[in-house]
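Student: I am new to this structure and would love a close look at a single part of it. Could you choose a strand, walk me slowly around it, and then show me what lies beyond?

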Amino acid sequence: MTAKKSFKGYEGIVAFLIFEVLALTTFGLGGINIVFHIAGFLVATFALLTSGNQFKKGELLHLLVFIVPLFIFAVLVSLAGSDYFEGKILENICSLLGIMGFFFMGLAARRNESFNIETALICIGGGLALLVLINTFATWFDYGPFYPLIFSSKPDGYYRGEVINLTKEMNVLVGLKFYESTISYGTQFAVLLSASIPALFFIDRKKETKKFLVVALYAVISILAIATVTSITGIIFLAIVLVIGVVYKFFRDNDLFKKLLKWAFIVILGLGCLFVILVIINNITSTSIFAQNAFLNKVFNTNHVMSKINAVLSPAFKPYNLFGFHSGNIDDVYGQTYDALLSSSGHFELEILKEGGIFALISLITFGVFSFFSTGRYLKNSHDNSSTKSVLLTFFIVFVLYYSVAFETFPLIHVKEYLNSFSRSTPFMVLLFLVGYVANSKKIAPVEFEKKEKKTKDVGTGVSAVEEYDFSDSDQEEKE
Amino acid sequence: MKKIYAVLPLLALILVGCRKTEEAFEAGRYNSSDFDQNYYVEWNGVKELEIGKISTISNPFKISTGIINDGKEYGFEVKNLIKEEDKFSYGYLSKLYDGRLRCDGLTTRSRVQLNKTGYATFFPKEYRGSESFAFALRGGTTINYASEEARIRSVKIDATFKFYIRIEGTNTYDRVDMVFNDLQISSDNGGSTTYVEVPFDEGTVEKINGADAMSFEYSLKDLSQYSGYNITDDYTSDPNKEKEHFSIMLYEILFPGSRWY
């Protein structure tokens, strides 16, 4: 009896375990991410054993475009030995297993007959909502609601004899204890939870009352949490979430809008790439190429944002930092690497440089590019309903944008040594699961089960999901 | 209606909360270049306590005093209260619990400047005994610091620490006054700070066991000895600043080996 056959019939249990792992992982418990890495890997193994036979012939080969870059990324951030993780052998191995495990769990989940993405999203939302609610109540208890506004003229407090700014901190649950964190770290969970808001545009309030109420509850919790700590970044992201919801609801079938969006995206991406190339050139040359021009010098060197970016990019291309930052090298005369390791860059991309080096970042970008196109195909072809698709799309966008502008490496205000590693964080694990779920290749569609064809009419478009799905057509379009 | 009741505990939680923001200051408070702006005169509700029995420990005779000059003898690694109980970490008075026993160049940032009316505070937990009680302080005046011969390098004060012990089952507090008469302390003398330690025997510990709050008051002794200076230890009595003002710079309160519940 083969392993696959011996595990056949356990799909229901596996689906249940996936829901459990997702709920617990999103709730998280701060510093014990290692537990979730192990749990994710074990459940992924079990899931692959039960659903492995659902992969189409040659499908896994096509999925290598995801697996190979992700594996290189995982090896580099886990085992290359950046100073952050030096000597933590067990933790490093678990990180590798966790990264691959959550992605494979997503792949296997889509091919599990008992798995339901809506339930999974409810579990993820539940874990996040619980964490957000606990953090919000704890913050209200210590600071009161809207304290950044109320105490804007009296912001000073004292901690261990030193002046602190009370309006720039909030309470978060880490492990089994509350700590004071930066507001952008504490708000991240509420921002991710707000990705549930667009689903409200698509759920029929009368036909699916329970689902509507649950999602509405998630939305209320996220809005309340962001509003009462008066996080400006959080409020901007709420606006972004609403825009995504409106666009996906009303403009997704508008050809003119799609064309405009496509060109806007290409232009922004082009300008972004040009800017990144200039920034990199500026940092790999011995002296700044923009130093002679006052305006360019201001743009590329002497401003608050760029000085943080340059502090990490400057040592990132040194030979000893290509596979993660290693301080103490004899060539690192000014201790730039050490300073960069101790700084909070604010951008997850730069954190990847520190954790795994330039090749880890390139691998993750490669993985991201394939995931981007894969998500496009999923949105176009999948049988999943529009509310699910809107949540997944919003989650992906919000995740990448938020961590690109507000990632906190050392988020605890009074415990300076607490490291919030991006590659080991629980939100990243959840993202990998969801990317694994939507991952598909251009040539081979994932298995869609018959039960899915019995879907009710799509509330958002009024077109049945089965009618909407036509993979061969889309394939033809892509060839054209 | 029942649903409204369900929300009440949450509202109560919010109303009784705000622990960290109940003591919030405008930026730069107590850190002014104007001497008179830096006085901490809060009694934090201790003055309103209903007092029952009062007992006194006068001039605890095993006092050991030391002048802290270089930070080695009583440095930053002392058994400060924050190390012994994390709840002492919060609030303005955490300056008194952080182990910085002397002027460390941060001037107003490491000390609490006190008028003769002193200050009072509730402890974050109940005191349940310690090996000793100690404090580090010095005097400070408005006398021109630059004129070397004009400095008052040492002063004599009467100081009283009061401990408030709640009588179980009531809202009344017994008070134990620890009085230090004619305590010679360092004043405007570079970074010199006076450290006073009172070893506790079982009897003393028993007397203040269960203390929930403490206060500190003082008065400057023998004002006539500072010839040439019209000096006062009560800045409030001299709003036009016709006299030189004296204050106590309190750096640290310690209960080495303490237990808190």
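Tutor: Here is a walk that begins at one strand of chain B and then moves outward to the rest of chain B and to chain A. Please keep in mind throughout that this is a predicted model.

Let us begin with β5 of chain B, which covers residues 132-141. Is this strand enclosed or open to the outside? Of its 10 residues, 10 are buried, so β5(B) is largely enclosed by the rest of the structure. You can check this face by face. On one side sit B:Ser132, B:Ala134, B:Ala136, B:Arg138 and B:Gly140, and on the other B:Phe133, B:Phe135, B:Leu137, B:Gly139 and B:Thr141; both sets are buried, so to speak of a covered strand is fair for either face.

Next, look at the strands beside it. β5(B) pairs with β8(B), residues 193-199, in the antiparallel sense over 6 bridges. To find this pairing on your screen, pick B:Leu137, whose bridge partner in β8(B) is B:Thr194. β5(B) is also joined to β11(B), residues 244-254, by 8 bridges, and these two strands run antiparallel as well. Here a good landmark is B:Gly140, which stands opposite B:Ser247 in β11(B).

Now move to another piece of chain B. An open sheet is formed there by 5 strands, in the order β1-β7-β6-β9-β4, with mixed pairing. Which strands stand at its edges? They are β1 and β4 (119-122) of chain B; each has a single partner strand, so one side of each is left without a neighbour in the sheet. On average, neighbouring strands of this sheet are turned by 20° against each other, direction ignored. Within the sheet, β6(B) (residues 154-166) and β9(B) (residues 211-220) run antiparallel and are joined by 9 bridges. One facing pair to look for is B:Ile157 and B:Leu220, the latter in β9(B).

Before leaving chain B, stop at the loop between α1 (2-16) and β1 (50-58), where you will find B:Asn44. Phi of B:Asn44 is near 45°, a positive value in a residue other than glycine. Most residues other than glycine have a negative phi. B:Asn44 counts as partly exposed because it has 16 C-beta neighbours inside 10 Å.

Chain A has a similar stop to make. A:Thr230, in the loop between α10 (209-228) and α11 (232-250) of chain A, has a positive phi of about 45° although it is not a glycine. With 18 C-beta neighbours inside 10 Å, A:Thr230 counts as partly exposed.

What else does chain A hold? It has 22 helices and 4 strands, and buried residues make up 43% of its 480 residues. Two of the strands, β3(A) (residues 169-174) and β4(A) (residues 177-182), pair in the antiparallel sense over 6 bridges. There, A:Glu169 has A:Thr182 of β4(A) as its bridge partner. The hairpin they make has 2 residues between the strands, and A:Gly175 takes a positive phi near 65° in it.

Among the helices, α3(A) (residues 33-51) is a good one to trace. It has 19 residues and reaches 26 Å from its first C-alpha to its last, close to the 27 Å expected at 1.5 Å a residue. The buried residues in α3(A) include A:Phe36, A:Phe41, A:Val43, A:Ala47 and A:Leu48. From A:Val43 and A:Ala47 you can step across to A:Ile18, which touches both, and also touches A:Met105, A:Ala109, A:Phe115 and A:Ala120. A:Ile18 belongs to the largest nonpolar core, of 116 residues, where A:Ile18, A:Met105 and A:Leu193 have the most contacts inside it. Apart from that core lies another, of 48 residues, among them B:Ala159, B:Ile165, B:Phe180 and B:Leu220.

Finally, where do the two chains meet? 19 residues of chain A are in contact with 23 residues of chain B. On chain A's side, α7 (117-143) and β1 (156-159) each supply at least two residues, and α7(A) gives the most, with 5 residues. The residues on this side of chain A divide into 11 nonpolar, 4 polar and 4 charged.

Conventions: Residues numbered from 1 in each chain as written. Chains lettered and ligands numbered in written order. Predicted model: local features only at pLDDT ≥ 70, side-chain atom pairs only at ≥ 80, totals over all residues. Contact = placed C-beta atoms within 7 Å. Nonpolar A, V, L, I, M, F, W, Y, C, P; charged D, E, K, R; others polar. Buried ≥ 20, exposed ≤ 12 C-beta atoms within 10 Å, placed from the backbone. Core = buried A, V, L, I, M, F, W, Y, C linked by C-beta atoms within 7 Å. Expected span 1.5 Å × (residues − 1). Pairing = 2+ DSSP bridges. Axes fitted to C-alpha atoms, helices over the stretch in contact; angles between N-to-C directions. Lists of a residue's contacts leave out its neighbours within four places in sequence.
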